[in-house]
Each structure stands twice: as C-alpha cells, then as structure tokens.
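Thanks for making time this morning. I would like to walk through one structure with you, and I will keep to what can be read from the coordinates themselves.

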Amino acid sequence: MKKITIIATLILTTAVVIIGCKDKRDPGKIYMPDMAYSRGYETYAQRDSSIFTADPNDAGHKIFYNNLAPAGTMKRGELFPYPLAFDSNNYKISGQIQNPIVGDLPGKELEEAGRLYNINCGICHGEKGAANGPLSAKIGAIANFTQPKYIDMADGTMFYSITYGLNNMGSYASQLSREQRWKVIKYIRTLQPKTIATASAAADSTTAK
Ligand code: HEC
C-alpha cells in the first residue's frame, strides 16, 4: 500500500512539473504577483485589466495602479501643492493666493517664461497678449491681457484658470509645472500696460479711430 502511495505521488509530482513548465512565458498560478508583474510605469504599456485595477475598492483582489504619484507627495524642486481644488467657489477666492515668486523675474528667467508663454499660450493669446494669436480666428472670446479686466485680475485667479482651464481654454497643469505657471503670469504682466488708466486710454483711442 505504501509503495502505491509513493509511486502515485511521484507520478503526480512529475505531471505537475511537466504541465507547469509547458509554456515558459506563462508564469502559471502566481503566488507573488508583484514579482511576476512590474508595478513600474512602462511608457505606453497596456496593463492587463484582469490583474491591475485603478479602482481603490478593487485593491486587494487586484494590483492597484493608477499612474498617479501618491497623494501628498511632490516632485523635487517643485513648489508646494496648490491648495484650491476645482470648484466654482474656489475660483471666487482664488485671488487670495499670492504669487510665491515675489518681485520681478531676473532677465534669464523672464526670457524662459516668455518662451513658455509663446509655446503654450501665444497661439491664442497672441505674442503681445492682445488675444490675436493664430487660433483667435477659430476660438472666440479669448482673454485680451491688455484690457483693464486682466490688469486688475489677481495672479491667483490667473493661476486658478491656467491650472484648471476656463471655458474655451484647457488646463495647462500637465504642460507647465506650478513654478512655470506662476512665472508665465509674471511674463503676462510685462505685456500689460502698467495701469488701468493707460489701458483705458489706449482702448478709447482705438475705438475713436
Ligand atoms: C486654445 C486657446 C487658448 C490657449 C492656448 C490659452 N488660452 Fe488662456 N484663455 C483662452 C480663452 C478663450 C480665455 C477666456 C476664457 C473665458 O473667460 O471664458 C482664456 C482666458 C485666460 C485667462 C483669464 C482667466 C480668467 O479667470 O478669466 C488667463 C490668465 C489665461 N487665459 C492664461 C493663459 C495662459 C498662461 C496660457 C498658456 C499656458 C493660455 N491662457 C493658453 C484661450 C486660450
């Protein structure tokens, strides 16, 4: 009887080994999935939805992965996270948030901010901020930064709109870092007449013509 058990065990083990090793590329039953599947972000990689999930409620059954940095973490050298979430009430109070960059930008940094402005914003807002970029023929109601409304607008409100987008304008949060967005606002300021009075006078003279 003992012999039969030993032989049966041997046959069974051999069968399991042979079946288990049939396809070298298939890890078979995965005991530790983290070892078989990389959690690292592979550019453009398609993740197997039977193994990965972006739904936190599903974590535990599957490997949770949503491509986002963990909450509360920030990139080295980046400014502190912006405290206002996307919400119409927050838009109203956004002006209270000060530009963390105090004073004028030094020449090289202003030049860089201008370069970023021309790449990302000039296509609509125009090189001089007068809402006459090449896309202005297609996209209506572009903000003209030389107008009193925008001279008066707080940096914080501009930052909110650049971060979350506004009507015909999309969000620039993924194209520009927080620091770059605040610097671009500094650049926009250099395109504006210094005071609302000069802007109004200029507007009057253009309408008079
Ligand atoms: C596709 C065209 C387009 C591009 C590109 C674009 N904008 Fe705008 N932007 C608009 C339009 C349209 C509005 C007016 C939105 C409204 O008031 O309805 C606007 C409004 C604004 C305002 C005023 C926001 C407010 O709260 O009234 C700011 C500031 C601004 N844009 C900055 C930028 C900056 C900085 C960039 C580049 C990073 C940029 N925009 C790129 C179309 C664009």
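S161 has a relative accessible area of 7%, and because that is under 20% the residue counts as buried. Please keep in mind throughout that this is a predicted model. S161 is found in helix 7, and its C-alpha lies 9.5 Å from that of F86, although the two residues are 75 apart in sequence. The side chain of S161 also meets the ligand, since one of its N or O atoms is 2.6 Å from an oxygen atom of the ligand.

That brings me to the ligand and its surroundings. The space that the ligand takes is the largest pocket. Which residues come nearest to the ligand? Out of 26 residues around it, they are Y91, C121, C124, H125 and M169. For H125 I can add a polar detail, namely that an N or O atom in its side chain is 2.7 Å from a nitrogen atom of the ligand.

As for the helices, helix 5, which runs over 122–125, helix 7, over 155–164, and helix 8, over 178–191, each supply at least two residues of the shell around the ligand. Helix 7 gives the most, with four residues. If we sort the shell by residue type, we find 19 nonpolar residues, seven polar ones and no charged ones.

Two of the nearest residues are cysteines, C121 and C124, and you may want to know whether they are buried or exposed. C121 has 13% relative accessibility and therefore counts as buried, and C124, at 16%, counts as buried as well. A disulfide is a covalent bond between the sulfur atoms of two cysteines. With sulfur atoms required to lie within 2.5 Å of each other, the count of disulfides in this model comes to zero.

Now to the loop between helix 7 and helix 8, where N167 is found. At 76% relative accessibility N167 counts as exposed, because the value is over 50%, and yet an N or O atom of its side chain is 2.6 Å from an oxygen atom of the ligand.

The backbone deserves a word too. Most residues other than glycine have a negative phi. N167, which is not a glycine, has a positive phi of about 45 degrees. A141 also has a positive phi, near 55 degrees, and this residue lies in the loop between helix 5 and helix 6, the latter covering 148–152. A141 counts as exposed, at 85% relative accessibility.

Key:
Residues are numbered from 1 along each chain as its sequence is written. This is a predicted model: local features need pLDDT of at least 70, side-chain atom pairs count only at pLDDT 80 or more; totals for chains, interfaces and linings use all residues. Side-chain values use heavy atoms; hydrogens and water are left out. Buried means under 20% relative accessible area, exposed over 50%, partly exposed in between (1.4 Å probe, protein chains only). A residue is near a molecule or strand if one of its heavy atoms lies within 4 Å of it. A polar contact is a pair of N or O atoms within 3.5 Å; within protein, one must be able to donate a hydrogen and the other to accept it, and residues adjacent in sequence count only if both atoms are side-chain atoms. On a 1 Å grid over the protein atoms alone, a cavity is a set of points where a 1.4 Å probe fits but cannot get out, and a pocket is an open set with protein on both sides within 12 Å along at least five of seven lines; lining residues have an atom within 4 Å of a point. A molecule sits in a cavity or pocket if more than half of its atoms lie within 2 Å of its grid points. Ala, Val, Leu, Ile, Met, Phe, Trp, Tyr, Cys and Pro count as nonpolar, Asp, Glu, Lys and Arg as charged, and the others, Gly among them, as polar.
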